[in-house]
Amino acid sequence: MAKLIDGKMISQQIKDELKEKVAALKETGKEIGMAVIQVGNDPASSVYVGNKKKACEYIGIRSESYELPEETTQDELLSLIEKLNADEKIHGILVQLPVPKHIDEDTIIKAISPKKDVDGFHPQSVGALSIGQPGFVSCTPAGVIQLLKRTGIEIEGKECVVIGRSNIVGKPMSLLLLRENGTVTITHSKTKDLKEVCKRADILVVAIGRPKMIDASYVKEGAVVIDVGIHRDENNKLCGDVDFDSVEPIASSITPVPGGVGPMTIAMLMYNCVEAATMFD
Ligand code: NAD
């Protein structure tokens, strides 16, 4: 039976550490400010934005909320970002994605100052990660590294296989595992013999976006399995990209869904906000 990697507990630990750090910063007169922008009222985005604001409140970060109507133009959004880039009281800027179709996501991501890019999506942040310079790291993969480290799972020298090469999960995940001295293989929809490649993994990180696709036939006995996927199954229950019931008996450690990677994303966003107030001083 695999050990469960408890993302709920670890994310709480991180938030409590940050709360203390923020209180200490406040004593030196520094208050951290974060701007959260949502364009339109997509219900899923509203839930994410609400959770982010709640986490800010818990940690002691002042959040400024901008709820803009669906018909907001790209220029209007860009001028708000420009204003917030120049605002010394704001350390982090978050634009909830996706933005409506008439707004170009890449243009928006590039408009946010890399010093305030708490999502870690700006090309400069991604470039800094790839050459080992300071900068923000995309929250979900950064959360996976914390899960591994805080459960005492060694990455150095391990065969790490990442399934998925998206800009927000798969690619930064691979770079982070490499930074930790793992031997990293990136796989994707065009990979041949996916099963054989996955079976090499000591650490298998799954970010495909396909419910329960990875069963025991992809997993080496004793591997650590990290499931980034989030879906609702046929019974409306949350599930991941990994078929938990099939994989759990042969893995050494595994993240559940819910309660694994999910809660880490917001914890690492909060981590980035606190870093934003100190990293570029
Ligand atoms: P994406 O759709 O952008 O990327 C999916 C990747 O999987 C692609 O690179 C593609 O090449 C690869 N892929 C697709 N089908 C494949 C196949 N049959 N075999 C091998 N590779 C295949 O998705 P994403 O944004 O990286 O998200 C992945 C999953 O993680 C989704 O379920 C998403 O909901 C979830 N997610 C969770 C969090 C979180 O906070 N826990 C954050 C982001 C994404």
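## Elements and model

Helices in this report are DSSP runs of H or I with at least four residues, strands are runs of E with at least two, and both are numbered from the N terminus. With that naming in hand, please keep in mind that the structure is a predicted model.

## Two cis peptide bonds

Let's start with the backbone. The peptide bond from Val 257 to Pro 258 is cis, and its omega is near 0°. Pro 258 sits in the loop that runs between strand E11 (253-254) and H10, and H10 itself covers residues 262-276.

A cis bond is also found from Leu 97 to Pro 98, again with omega near 0°. Here the proline belongs to the loop between strand E4 (92-95) and helix H4 (105-111). Leu 97 will come up again below, as one of the residues that line the largest cavity.

## Positive phi at two asparagines

Asn 181 is not a glycine, yet its phi is positive, at about 70°. You will find Asn 181 in the loop between H7 and strand E6 (183-187). With a relative accessible area of 45%, Asn 181 is partly exposed.

The other case is Asn 236, where phi is near 65°, a positive value in a residue other than glycine. Asn 236 is part of the loop between strand E9 (231-232) and strand E10 (238-239). Is Asn 236 buried or exposed? Asn 236 counts as exposed because its relative accessibility is 52% and the cut-off for that class is over 50%.

## The largest cavity

How many cavities of 30 Å³ or more does a search of the whole structure find? The search finds one. About 50 Å³ of space lies in the largest cavity, and its lining is made up of Val 95, Leu 97, Ile 108, Ile 109, Ile 112, Asp 117, Asp 119 and Phe 121. Sorted by class, that lining has six nonpolar and two charged residues, with no polar ones.

Ile 109, one of these lining residues, lies in helix H4. Its relative accessibility of 13% makes Ile 109 buried, since that class takes in values under 20%. For a sense of scale, Ile 109 and Gln 146 are 37 residues apart in sequence, and their C-alpha atoms are 25 Å apart in space.

## The second largest pocket and Asn 272

The second largest pocket has a volume of about 270 Å³. Its lining counts 17 residues, and those closest to the pocket centre are Val 137, Ala 142, Arg 179, Met 268 and Tyr 271. Three elements give two or more residues to this lining: helix H6 (139-150), helix H7 (170-179) and H10. By class, the pocket lining has nine nonpolar, four polar and four charged residues.

Val 137 from that central group also takes part in a polar contact: the side chain of Asn 272 reaches the backbone oxygen of Val 137 at 3.1 Å. Asn 272 is found in helix H10, so the contact starts from one of the elements that contribute to the pocket lining. Asn 272 has a relative accessibility of 5% and therefore counts as buried.

## Lysines over tyrosine rings

The structure holds zero aromatic pairs, but two tyrosine rings do have a lysine over the face. Lys 19 lies over the face of Tyr 58, at 4.1 Å from the ring centre. Lys 19 is placed in helix H1 (residues 7-27) and, at 36% relative accessibility, is partly exposed. From C-alpha to C-alpha, Lys 19 and Ile 61 are 8.7 Å apart in space, with their positions 42 residues apart in sequence.

The other arrangement puts Lys 195 over the face of Tyr 218, at 5.2 Å from the ring centre. Lys 195 also serves as one end of a longer span: Ala 86 and Lys 195 are 49 Å apart, C-alpha to C-alpha, and 109 residues apart in sequence. At the other end, Ala 86 lies in helix H3 (residues 74-86), where Ala 86 is exposed, with a relative accessible area of 61%.

Methods. Residues are numbered from 1 along each chain as its sequence is written. This is a predicted model: local features need pLDDT of at least 70, side-chain atom pairs count only at pLDDT 80 or more; totals for chains, interfaces and linings use all residues. Side-chain values use heavy atoms; hydrogens and water are left out. On a 1 Å grid over the protein atoms alone, a cavity is a set of points where a 1.4 Å probe fits but cannot get out, and a pocket is an open set with protein on both sides within 12 Å along at least five of seven lines; lining residues have an atom within 4 Å of a point. Grid points are joined across faces, edges and corners, and a volume is the space filled by probe spheres set on the points. Ala, Val, Leu, Ile, Met, Phe, Trp, Tyr, Cys and Pro count as nonpolar, Asp, Glu, Lys and Arg as charged, and the others, Gly among them, as polar. Rings of Phe, Tyr and Trp (its six-membered ring) pair if their centres lie within 6.5 Å; planes under 30 degrees apart count as stacked, over 60 as edge-to-face and the rest as tilted. A charge sits over a ring if NZ of Lys or CZ of Arg is within 6 Å of the ring centre and within 35 degrees of the ring normal. Buried means under 20% relative accessible area, exposed over 50%, partly exposed in between (1.4 Å probe, protein chains only). A polar contact is a pair of N or O atoms within 3.5 Å; within protein, one must be able to donate a hydrogen and the other to accept it, and residues adjacent in sequence count only if both atoms are side-chain atoms.
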